[in-house]
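Work through the exercises below with the coordinates loaded. Each task is followed by a stepwise solution.

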Amino acid sequence: MIRALAPLGLMGLIFFLSSQSDLDTGLGTLDFILRKLGHATIFGALCGLWYWTLTTRLESGTALALAAAIAVLYAMSDELHQSYVTGRTGSALDVAIDSAGVVVAALALRRWSSARARP
C-alpha cells in the first residue's frame, strides 16, 4: 500500500496546479504547446504510477485497465475542478490530450510487461 502514495501524491500536485488562477508563462504558442505536452505526460505518468501500484494486487492486464481508467477519470475531474477556479476553464480538448497521454503510456506498459513476461 505504500506504493499508492506515489500516484496519490501526483494527483495532489495536479490538483494544486489546477487550483492556480494563472499558469501562463508568457511564451505564447510555445507555452500552449508545452502545456499540452505537459498534460499528456503528467497523465501518462499517473497511469504508470497507478499501474505500478496495482500490479502488487492484480494481474497485469487488469491493473493496466484500472490504472488507465483512474487516470482518465481523474483528467475529467481535473477539468471539472478547473471550471470552478477563477481565471481557468474546463476543456474537453484537455481531457482528450490527457487521455492520449494515458493511451500512449498504457500501450508502452503493455508492451513492456509482455516483453518482461517472455522467457
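**Exercise 1: F43 and the core**

Task: list what F43 is in contact with, leaving aside its neighbours within four places in sequence.

Solution. F43 is in contact with I14, A71, Y74, A75, D78, D98 and V102. Contact means heavy atoms within 4.5 Å. The model is predicted: local features need pLDDT of at least 70, side-chain atom pairs count only at pLDDT 80 or more, and totals for chains, interfaces and linings use all residues. Residues are numbered from 1 along each chain as its sequence is written, and side-chain values use heavy atoms, with hydrogens and water left out.

Next, the core. In the largest nonpolar core, of 20 residues, F43, L46 and C47 touch the most other members. α3 gives the largest share of this core, seven residues. Such a core joins buried (under 20% relative accessible area, 1.4 Å probe, protein chains only) Ala, Val, Leu, Ile, Met, Phe, Trp, Tyr and Cys residues through side-chain atoms within 4.5 Å.

**Exercise 2: α2 against α3**

Task: describe how the axes of α2 and α3 cross.

Solution. Start with the axes: those of α2 (residues 29–54) and α3 (residues 60–82) come within 8 Å and cross at roughly 140 degrees. The two helices are therefore oblique to each other. Oblique covers what is left after under 35 degrees (roughly parallel), over 145 (roughly antiparallel) and 65 to 115 (roughly perpendicular). Angles run from 0 to 180 degrees between N-to-C directions, with axes fitted to C-alpha atoms over the stretch in contact. Helices are DSSP runs (H or I, at least four residues).

**Exercise 3: α2 against α4**

Task: give the angle and axis separation for α2 and α4.

Solution. α2 and α4 pack at about 45 degrees, axes 7 Å apart. That makes α2 oblique to α4. From α2, F43 and C47 are among the residues that meet α4.

Conventions: Buried means under 20% relative accessible area, exposed over 50%, partly exposed in between (1.4 Å probe, protein chains only).
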